[in-house]
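Here are a few notes from going through this one, starting with the overall picture and then moving to a single helix. Have the viewer open while you read.

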Amino acid sequence: MTMKTILCPTDFSKAAHNAFLYALQWAQYVNGRIVMLHVVPQEPVPAGYETPPRVDLVKSDRVKEARKRFEAYKAEAQERLGDEMPMVSFEIEEGKAGEEILHRASEVDYIVMGSRGIMSEEEKVFGSTAIYVTQTAACPVLVVPLNAAFDGIGHIMYATTFDEPSMAVLEPLIELAGEFDAYLSCVHIAETDKNW
């Protein structure tokens, strides 16, 4: 079995931490390695101005803090899994989280990311990063609810529009279902005339 790459974006929230723990267990099943990704938001700089030193300092502090948190994640994984721990690497990028995650989607087999569950009003209107990634990524995306714990995978449900991009994701899902000896169900909800 070839090694699979699992991208696990993190903002270091509880939901993202839980997704990391989920990804660790999943990686053991699929002979996977995990790439942790933290995206530092880009500070706006007015046109015609150079980046102020304060902005560089803030970025530097955020990067240092991210590295410390990555080391804590790695130590926790080592403590939980010991010799069974999959390979875990860490990357830090600057930009918009959704765009940076999608930039990596073509380089990985799966994306595992956290969800806080109940969305805020802002997320309902503008959409969360998880929603954006699931709707746009070219690979299977697993969104892990805050309180979910890995217990194997017995049934995969895939919501699809049956268009070409969504069908492209179906092949890796069939392979994943085979690795877990799981059922795979495709669901399509068609819009109907509301005047019925």
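1. A contact here means heavy atoms within 4.5 Å. On that basis, take the contacts in the protein between residues at least 6 apart in sequence: 79% of them join residues at least 24 apart. Keep in mind that this is a predicted model.

2. For the overall layout, count seven helices and seven strands. Reading from the N terminus, the order of elements is β-α-β-α-β-α-β-α-α-β-β-α-α-β.

3. On burial and surface: of the 196 residues in the protein, 37% are buried. The accessible surface is about 12400 Å², and carbon and sulfur atoms account for 52% of that.

4. Now to helix α7, residues 170-180. Which of its residues are buried? They are Leu-170, Leu-173, Leu-176, Ala-177 and Phe-180. These sit on the same side of α7, because they cover an arc of only 115° around the axis. The spacing is the familiar one: an α-helix has 3.6 residues a turn, so residues three or four places apart point the same way.

5. Flip to the other side of α7 and you'll find Glu-171, Ile-174 and Gly-178 exposed. Ile-174 is the one I'd point the viewer at, as part of that exposed set.

6. What do the buried residues of α7 pack against? Two helices, α1 (14-29) and α6 (164-168), are on the list, along with the strands β4 (110-115), β6 (155-159) and β7 (183-187).

7. Last, look just past the end of the helix: Asp-181 follows α7, and its phi is positive, near 55°.

Methods: Residues numbered from 1 in each chain as written. Predicted model: local features only at pLDDT ≥ 70, side-chain atom pairs only at ≥ 80, totals over all residues. Heavy atoms only, no water. Buried < 20%, exposed > 50% of the residue type's maximum accessible area, 1.4 Å probe, protein only. Helix = DSSP H or I, 4+ residues; strand = E, 2+ residues; numbered from the N terminus. Arc of directions from axis to C-beta. Areas by Shrake-Rupley, 256 points an atom, 1.4 Å probe, with all protein chains shown as cover.
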